[in-house]
Amino acid sequence: MFSSVRRSLAHTTLLALGMTAITINPLIVSIPASAQTITQSNTSNFSDVSANYWAQPFIQALAERNIVAGFPDGTFRPNQAVSRAEFATLIQRAFNQQPVRQLGASGFTDVPANFWASEAIREAYETGFISGYPGNVFRPNQQIPRVQAIVALSNGLNLTATGTASGVINDLYADASAIPDYAVSGVAAATQNNIVVNYPNLRQLNPTTSLTRAEAAALLYQALVRQGQVQPLTSNVTAANYIVGGTGTTTGGTQGGNIVALAASSNSFSTLTSLLRTAGLTDVLEQPGPYTVFAPTNEAFAALPAGTLEQLQQPQNRELLRRILQYHVVPGQLTANQLSSGQLTTAGDASVNVRVDTANNQIAVNEARVVQANIQASNGVIHAINEVLIPPNLTGQQPQETPQAQAPGAVTPGRATRGGSSYIGVAGNVGLAGDSAVSRSNFAVISKVGLTNNLSVRPSAVFGNNTTVLVPLTLDFNPREVEPGVVQSFPVSPYVGAGVAIDTGRGSRTGLLLTGGVDVPLGDRFTATGTVNAAFVGQTDVGLLFGVGYNF
């Protein structure tokens with residue numbers, strides 16, 4: 001009986017998630033005229049691409065090279081989604097790579113020999129850009145997600161990430177948790193090679209949304225820059241501002257706030273912001289300046305020896321902390337294209353060594369690497385780096401220890417886990433069996449509080465005549481792609497766990513709670529969740545929770 005209920009619950013959960021995805025993503029429709037998207041008018045004067053359109057430089061350049069084309073009515077339709085077949089055709093036109101594998105004589109089962117893009121699909125596969133799906137299918141008419149297009153370019157150009165791939169994407173993208181496991185290395189490599197273009201928000205990759213024709217032009221242009229076939233956009237071109245890690249004057253952030261305000265608003269610099277307050281340097285960096293700040297990310301500070309941060313924040317080490325932080329600040333504003341190899345004198349009267357690799361568009365400061373350049377503030381510019389800079393005149397000095405100082409613990413309540421952000425929200429409960437609030441249709445309050453990278457506690461309360469409180473400890477898993485057939489794929493983060501259920505009626509009985517479900521990111525601020533709860537309080541109470549949480 002219980003086994004059949006669980007099978008029903010799993011089916012119901014997947015069905016509900018599928019219906020949610022359908023409301024967000026359009027159905028994939030096979031368009032017989034797909035070939036026209038690539039082969040019609042090749043003029044670069046498209047009526048729907050104005051001179052100030054964000055992707056105009058990318059589109060114009062590729063149209064002049066006959067890589068992209070418009071429609072017979074003179075439009076380009078920049079916001080139209082691109083199918084996998086269309087993207088394969090764009091790859092065929094843009095690159096001239098040597099085959100690295102062979103497609104079987106029969107090809108893909110869903111790509112007939114007379115299909116308009118069959119040769120382009122074969123070439124894109126054999127040159128290593130695009131792969132098929134299990135069952136020897138290609139799904140040519142499926143809209144290609146942005147993450148697939150980025151990984152395709154990374155694979156076809158044989159790019160590799162330097163450093164930790166997960167660290168790269170976590171530093172740069174607010175929605176890094178939505179990137180599927182298989183794509184992490186490819187996205188990191190493409191990012192480090194300046195191929196990724198995010199409009200309008202640099203920190204929002206939107207990995208599972210469908211690639212548009214404008215976005216395809218931007219990615220392909222940057223891939224051609226990487227190959228040396230076209231020139232990089234100059235920093236005074238607005239489109240350069242949306243190249244992740246590029247050379248635009250505002251690349252990497254938004255204008256308006258001062259350096260301290262921008263650092264405080266970013267999830268990547270929360271440790272730096274806290275240390276600036278402890279050292280009493282916030283007032284300085286809020287002055288007109290201007291300043292150039294080489295800002296270590298949270299991961300850079302976390303890589304310091306255990307206990308170092310705690311020691312530096314002790315009152316007796318305040319002056320030492322000030323000297324370290326001042327070593328990251330250079331008077332004057334120097335954007336990425338203004339930096340050159342050589343020595344720069346910092347606010348602490350010590351020099352840092354800057355190395356600019358123009359061939360690979362990379363910048364190093366001492367042993368640290370700039371992972372995000374040109375975060376523009378009202379009083380200067382921030383360059384994110386992946387290591388903490390240590391002044392040379394501090395060699396041999398150590399923070400003074402105190403008896404209270406302890407190594408940082410692994411448990412940090414409220415942190416994000418590998419399954420995504422912590423959140424608090426509301427839900428609807430669908431009862432399936434039993435006699436408590438869990439077994440009836442009720443309103444609920446839900447939450448997720450991350451404890452470690454793997455574990456969360458998820459307190460919730462299902463309201464009814466006898467409100468039931470659920471307190472499970474869950475094991476969170478990495479996001480993974482779900483492709484429910486005709487609907488665009490989307491990421492889900494599974495979790496399973498156990499805990500205690502408290503029935504506040506009938507003498508406040510308690511019992512074992514078993515739980516499992518999935519979190520689905522809805523952008524940077526919200527998370528949808530679906531949970532199966534089985535509470536063993538007297539009877540076996542089974543219910544489904546479907547809700548939305550606000551990330552914190």
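Q: Buried means under 20% relative accessible area, exposed over 50% and partly exposed in between (1.4 Å probe, protein chains only); which residues of helix H11 (residues 270-279) are buried?
A: Helices (H or I, at least four residues) and strands (E, at least two) are DSSP runs, numbered from the N terminus. The model is predicted, so local features need pLDDT of at least 70 and side-chain atom pairs 80 or more, while totals for chains, interfaces and linings use all residues. Residues are numbered from 1 along each chain as its sequence is written, and side-chain values use heavy atoms, without hydrogens and water. In H11 the buried residues are Leu272, Thr273, Leu275, Leu276 and Ala279.

Q: What arc do these residues cover around the axis of H11?
A: The arc is taken from the directions from the helix axis to the C-beta atoms. The buried residues lie on the same side of H11, because their arc is only 165°.

Q: Which residue follows H11, and what is its phi?
A: The residue after H11 is a glycine with a positive phi. It is glycine 280, with phi near 70°.

Q: Over which residues does pLDDT stay under 50, and over which is it below 50 with 43 contacts in the model?
A: pLDDT is the predictor's confidence in each residue, from 0 to 100; its mean over the protein is 80, and 82% of the residues reach 70 or more. Where pLDDT is low, the predicted coordinates should not be read in detail. The stretch under 50 that has 60 contacts (heavy atoms within 4.5 Å) beyond four places in sequence is residues 1-43. The stretch with 43 contacts beyond near neighbours in sequence is residues 246-256.

Q: Which helix gives the most residues to the largest nonpolar core?
A: A nonpolar core is a set of buried Ala, Val, Leu, Ile, Met, Phe, Trp, Tyr and Cys residues joined through side-chain atoms within 4.5 Å. The largest one has 77 residues, of which Phe58, Phe87, Phe95, Tyr173 and Val187 touch the most other members. Elements giving two or more residues include helix H3 (56-64), helix H4 (84-94) and helix H9 (213-227). The most, 10 residues, come from H9.

Q: How many residues are in the second, separate core?
A: This core includes Ala263, Tyr291, Phe301 and Leu312. Its residue count is 29.

Q: Which residue of strand E17 (residues 539-551) is the bridge partner of glycine 431?
A: Two strands pair if DSSP finds at least two bridges between them. Strand E8 (residues 423-433) pairs with E17 in the antiparallel sense over 10 bridges. In E17, the partner of glycine 431 is glycine 543.

Q: Which residue is in the turn of the hairpin formed by E16 and E17?
A: Strand E16 (residues 526-537) runs antiparallel to E17, joined by 12 bridges. Within this pairing, glycine 530 stands opposite phenylalanine 546. One residue lies between the two strands, and the turn has a positive phi of about 75° at glycine 538.

Q: How many aromatic pairs does a search of the whole structure find, and what is the angle between the planes of phenylalanine 526 and tyrosine 550?
A: Rings of Phe, Tyr and Trp (its six-membered ring) pair with centres within 6.5 Å; planes under 30 degrees apart are stacked, over 60 edge-to-face and the rest tilted. The search finds 12. One of them, phenylalanine 115 with tryptophan 116, is tilted at 5.8 Å centre to centre and 40°. Phenylalanine 526 and tyrosine 550 are edge-to-face at 5.5 Å, with an angle of 70°.
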